[in-house]
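Please look at the structure shown here and follow its aromatic rings first, and then its nonpolar core.

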Amino acid sequence: MMGYPDPALTPAEKSIAEDFAPYMLDHLKYHLGINPSLSFPPLSATGREAVRTLYDAELRYNDAQLDILLDNLLFFHPNTIVVVLADHGE
């Protein structure tokens, strides 16, 4: 649905895109000066697009699940007040 995976995506970049946390932590530790060098090579444009695509798909999935939750909550408890807060501007 979201156009993943791109046929040009290498197996190594597919692995990074599908489990992004170690890659992100590696870059974070490098930029904070904790690690002297990066353990992972930089992602290609295709790899970066794969990460964005999977992130967008995850957001879409979470939005759909929240929609189901709210629909059911308000169906069974129509006088419920729902307050939504976010801490990252999303």
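In this predicted model, there are 3 aromatic pairs. One of them joins Phe-20 and Tyr-23, whose rings are tilted with respect to each other, with 5.4 Å from centre to centre and 35° between the planes. The two partners differ in their surroundings, since Phe-20 has a relative accessibility of 28% and therefore counts as partly exposed, whereas Tyr-23, at 8%, counts as buried because the limit for that class is under 20%. Another pair is made by Phe-75 and Phe-76, which meet edge-to-face, with their centres 5.0 Å apart and an angle of 85° between the planes. Here Phe-75 is exposed, with a relative accessible area of 64%, and Phe-76 is exposed too, with 56%, because the exposed class begins over 50%.

Returning to Phe-20 and Tyr-23, we find that ring pairs link these two residues with Phe-40 into a cluster.

Which residues make up the largest nonpolar core? This core has 7 residues, namely Leu-9, Ile-16, Ala-17, Tyr-23, Leu-43, Ala-50 and Val-51, so that Tyr-23 belongs both to the ring cluster and to the core. At least two residues of the core come from α1 (11-18), and at least two come from α3 (45-76). In soluble globular proteins, nonpolar side chains tend to be buried together.

Val-51, one of the core residues, offers a closer view of these contacts: when residues up to four places away in sequence are not counted, Val-51 touches Ala-17, Phe-20 and Leu-43. Of these partners, Ala-17 and Leu-43 are listed in the core, while Phe-20 is the partly exposed residue that pairs with Tyr-23.

How values were computed: Residues numbered from 1 in each chain as written. Predicted model: local features only at pLDDT ≥ 70, side-chain atom pairs only at ≥ 80, totals over all residues. Heavy atoms only, no water. Phe/Tyr/Trp six-rings, centres within 6.5 Å; stacked < 30°, edge-to-face > 60°. Buried < 20%, exposed > 50% of the residue type's maximum accessible area, 1.4 Å probe, protein only. Core = buried A, V, L, I, M, F, W, Y, C linked by side-chain atoms within 4.5 Å. Helix = DSSP H or I, 4+ residues; strand = E, 2+ residues; numbered from the N terminus. Contact = heavy atoms within 4.5 Å.
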